[in-house]
Amino acid sequence: HFTITAQQINFPGLDKAFITDNITVQVADVYSNPVPQGTAVYFNSAHGSMQTGGGDAGLTDANGFVTKSLYSANPFPVAPNVLSGSTAGFSRVYARTIGKDSVRVLDSLLILWTGAPVIALTGGPAAYAIPNGGSAGPFTFTVLDRLNHPMSPGTTITATADGCTVSGDANVSMPDTQVGGAGLTSFTVLLNDAAPLIIPPSPAPSVLTVTVTHPVYGTYKRVLASGTVN
């Protein structure tokens, strides 16, 4: 029984060196019991580098677990170092041990290396004029890295607009994902007049801003549209 997992499968190491991701292996015998403490597990990665113990091995604890760190470093998973049969950004971490009768037990884990956010407006007006009690939009936008992959877990994506309440994907906290789609890489928001009872209404300037706060790459802001709200 041989299981390999990662602290996160979306690893924000594409644009910064020496970011770490913990890789854990658990090894049990044919009866599902932990292997003897100190069993050697050997690690290597298609990209970056792996923390190891003696040689290139880590040693299991009393419950059959061993954890080592993947470091973002050369080579990064971009051309000319893209995995055969894969696309840029994707890599694999491998772990192996020696089983019964000296049979080699091997498994691997697909890791997506992601970079800094790129924010882009993909739909909706660049300018808006919201009447008293009215709305504007919908506005659609994407948040992707430079290889068009989703942000790593812990990234927050917020949309704000002066004088407006913002509905839809206005406050998103990214999960640990390797795939995109609605609410992961593409987002939709609608603006509504935040004070419709003010009489008489008067137009005030308003700016729709998306802010992305990333745990590794910091904070990025982009103004998507601007206008007025009564």
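A pocket is an open set of grid points with protein on both sides within 12 Å along at least five of seven lines, and its lining residues have an atom within 4 Å of a point. The model described here is predicted, and the pocket is a convenient place to begin.

**The largest pocket**

The largest pocket has a volume of about 220 Å³. Its lining consists of 14 residues, and those nearest the centre are A28, I98, G99, K100 and V105. Sorted by class, the lining holds eight nonpolar residues, four polar ones and two charged ones.

**Strand β3 and its partners**

Strand β3 covers residues 20–27, and its side chains alternate between two faces. D21, I23, V25 and V27 point to one face and are buried. T20, N22, T24 and Q26 point to the other face and are not buried.

Strands of a sheet pair through backbone hydrogen bonds, in either the parallel or the antiparallel sense. Strand β1 (residues 2–6) pairs with β3 in the antiparallel sense, over five bridges. In this pairing F2 stands opposite V27 of β3. Strand β7 (residues 65–71) also pairs with β3 in the antiparallel sense, here over seven bridges. The bridge partner of I23 in β7 is K68. I23 and V27 are thus named twice: both belong to the buried face of β3, and each has a bridge partner given above, K68 for I23 and F2 for V27.

**A sheet of five strands**

Five strands make up an open sheet in the order β11-β18-β17-β13-β15, with mixed pairing. The edges are β11 (127–130) and β15 (171–173); each has a single partner strand, so one side of each is left without a neighbour in the sheet. On average, neighbouring strands of this sheet are turned by 20° against each other, with direction ignored. The edge strand β11 pairs with β18 (residues 218–229) in the parallel sense over four bridges. Y128 stands opposite G227 in β18.

**A sheet of four strands**

Another open sheet has four strands in the order β10-β12-β16-β14, and its pairing is antiparallel. At its edges stand β10 (118–123) and β14 (164–168), each with a single partner strand, so one side of each has no neighbour in the sheet. The twist from one strand to the next averages 35°. The edge strand β14 is joined to β16 (residues 186–193) by five bridges, and the two run antiparallel. T165 stands opposite N192 in β16.

The strand pairings described so far are listed together here.

| Strands | Sense | Bridges |
|---|---|---|
| β1 and β3 | antiparallel | five bridges |
| β3 and β7 | antiparallel | seven bridges |
| β11 and β18 | parallel | four bridges |
| β14 and β16 | antiparallel | five bridges |

**Two buried residues**

Is T142 buried or exposed? T142, located in strand β12, has a relative accessible area of 16% and is buried, because buried means under 20%. Leaving out residues up to four places away in sequence, T142 touches V118, I119, A120, T122, T185 and S186.

H149 lies in the loop between β12 (135–144) and β13 (156–161). The relative accessibility of H149 is 11%, so H149 counts as buried. With residues up to four places away in sequence again left out, H149 touches A88, G89, F90, L112, T114, L144 and T185. T185 is named among the contacts of T142 and among those of H149.

Conventions
Residues numbered from 1 in each chain as written. Predicted model: local features only at pLDDT ≥ 70, side-chain atom pairs only at ≥ 80, totals over all residues. Heavy atoms only, no water. Buried < 20%, exposed > 50% of the residue type's maximum accessible area, 1.4 Å probe, protein only. Contact = heavy atoms within 4.5 Å. Pairing = 2+ DSSP bridges. Axes fitted to C-alpha atoms, helices over the stretch in contact; angles between N-to-C directions. 1 Å grid on protein atoms, 1.4 Å probe; cavity = no way out; pocket = protein on both sides within 12 Å on 5 of 7 lines; lining within 4 Å. Points joined across faces, edges and corners; volume = space filled by probe spheres on them. Nonpolar A, V, L, I, M, F, W, Y, C, P; charged D, E, K, R; others polar.
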